[in-house]
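Take a look at the structure shown here. Keep it open as you read, and find each residue as it is named.

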Amino acid sequence: MDSVWTTTVLLVPLVVVLTAGFFYVYGLVVGLLSKTSVRNKVVVITDALSGLGKECAGVFHKGGARLILCGKNWEKLEELADDLANASDPTVTFPPKLVLLDLGDTGSMQDAIAEILECYGCLDIIIFNGSMKVKAPAQCLSLQVDKLLMDNNYFGPVALTKGVLPSMISRRSGHLVLVNSIQGKLAVPFRTSYAASKHAVQAFFDCLRAEVEEYGISVSTINHTFISSSPSQTTAAPSKSIWSLLYLQKPLGVSPDEATAEIVKTLNNKRREVVIAPSLPKMAVYARSFVPNVFFSVMAAGVNNAAAVGATSE
């Protein structure tokens, strides 16, 4: 018994040290990759004020990128630029350029595109980040809400892409990175309009990838369960429906730093498609393709189960 206790006491500090060492080395590798992939590159980040946007801005700024930060609120963009400047060495970084951009306002898109192109005269990388989310039964959503979702999640990114493509094609280089929900590949109940917008933008970039490859332009899509942005999400009550199990395996979703690390790797290896999700959602994506009837039955059973639970609790 004493030998077991002694072994445990010795192993615990060793495991802690090894774990800490792993995360330290991982941080160094991510930092090195970010510097080699974005140094001196012109990088546009849409919705730079979100959790993921800020994380990307911090990593890329320290990596020596020429950042163009886009968002809806000018004062908050200035605060973000000040925070980046205060946290970095001005001799090896570039002051970020700021552009007011609302992906849902397609009428102002042309002016925003012109301003983006004027910042440095060219673009190397665009990170399409941010979206509008709605969860509700289909019959409860008006067409106005549907259009709003499509403007933010589809028409906005598409308009921006079409506006900058001529510049990238003329230079025969560029990388478009779409940060998209896994619901661009897998639709679950009560997200009809949201999933439709995500499927649409996924299809657009999948088609575009083949069209622009001859010009040396890379297109990558990164599909995640969801980006966790606040500690409050840890206290959310788990749903009891069957299809909710697609997300319960990772209740916090993907943290901004995890997603940023994946974006950095994607910029380096130019992978066309990345799925950041636990094994169960990934299996569901394959089930949708290879055994669709089974998938549909599980989705329907989940809705019926949720309705039954709700009726019982009333």
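This report covers aromatic rings, charged side chains, one threonine and the cysteines. The model is a predicted one.

**Aromatic rings**

A pair of aromatic rings is described by the distance of the centres and the angle of the planes. A search of the whole structure turns up six aromatic pairs. Take phenylalanine 128 and phenylalanine 205. Their ring centres are 5.2 Å apart and their planes meet at 65°, so this pair is edge-to-face. Phenylalanine 128 belongs to strand β4 (residues 125-128), while phenylalanine 205 belongs to helix α6 (residues 192-212), so the pair ties together parts that are 77 residues apart in sequence. Both phenylalanine 128 and phenylalanine 205 are buried.

Now try tyrosine 154 and phenylalanine 155. The centres of these rings lie 5.0 Å apart with the planes at 70°, so this pair is edge-to-face too. Tyrosine 154 has 19% relative accessibility and counts as buried. Phenylalanine 155 has 42% and counts as partly exposed. Which residues do ring pairs link into a cluster? They are Phe128, Tyr154, Phe155, Phe204 and Phe205.

**Charges over rings**

Rings also meet charges. The charged end of arginine 66 sits over the ring of phenylalanine 94, 4.0 Å from the ring centre. Lysine 97 lies over the face of tyrosine 120, and here the distance to the ring centre is 5.5 Å.

**Salt bridges**

Side chains of opposite charge can pair when their charged atoms come close. How many salt bridges does the structure hold? It holds six. Three of them are listed here, with the distance between the closest N and O atoms.

| Salt bridge | Closest N and O atoms |
|---|---|
| Lysine 72 and aspartate 102 | 3.8 Å |
| Aspartate 206 and arginine 209 | 3.1 Å |
| Lysine 265 and glutamate 262 | 3.7 Å |

Lysine 72 lies in the loop between β2 (66-71) and α3 (74-86), and aspartate 102 in the loop between β3 (97-100) and α4 (109-120), so their salt bridge ties together parts that are 30 residues apart in sequence. Lysine 72 is exposed, at 60% relative accessibility. Aspartate 102 is partly exposed, at 27%.

Aspartate 206 and arginine 209 are three residues apart in helix α6, so about one helical turn separates them. Aspartate 206 is partly exposed at 29% relative accessibility, whereas arginine 209 is buried at 13%.

Lysine 265 and glutamate 262 are both in helix α8 (residues 256-269), again three residues apart, or about one turn of the helix. Lysine 265 is partly exposed, with a relative accessible area of 35%. Glutamate 262 is buried, at 16%.

**Threonine 221**

Find threonine 221 in strand β6 (residues 217-224). Is threonine 221 buried or exposed? Threonine 221 is buried, with a relative accessible area of 0%. Its side chain makes a polar contact of 3.4 Å with the side chain of glutamine 202. Leaving out residues up to four places away in sequence, threonine 221 touches eight residues by name: Leu178, Gln202, Phe205, Asp206, Arg209, Arg272, Glu273 and Val274. Phe205 appeared above in the ring cluster, and aspartate 206 in a salt bridge with arginine 209.

**Cysteines**

The count of disulfides is zero. Why does cysteine 70 form no bond with cysteine 119? Cysteine 119 holds the closest cysteine sulfur, but at 7.9 Å that sulfur is too far for a bond. Cysteine 70 is buried, at 0% relative accessible area. Cysteine 122 is buried as well, at 16%.

How values were computed
Residues numbered from 1 in each chain as written. Predicted model: local features only at pLDDT ≥ 70, side-chain atom pairs only at ≥ 80, totals over all residues. Heavy atoms only, no water. Phe/Tyr/Trp six-rings, centres within 6.5 Å; stacked < 30°, edge-to-face > 60°. Helix = DSSP H or I, 4+ residues; strand = E, 2+ residues; numbered from the N terminus. Buried < 20%, exposed > 50% of the residue type's maximum accessible area, 1.4 Å probe, protein only. Lys NZ or Arg CZ within 6 Å of the ring centre and 35° of its normal. Polar contact = N/O pair within 3.5 Å; in protein donor to acceptor, adjacent residues only side chain to side chain. Contact = heavy atoms within 4.5 Å. Disulfide = S-S within 2.5 Å. Salt bridge = Lys/Arg side-chain N within 4 Å of Asp/Glu carboxyl O.
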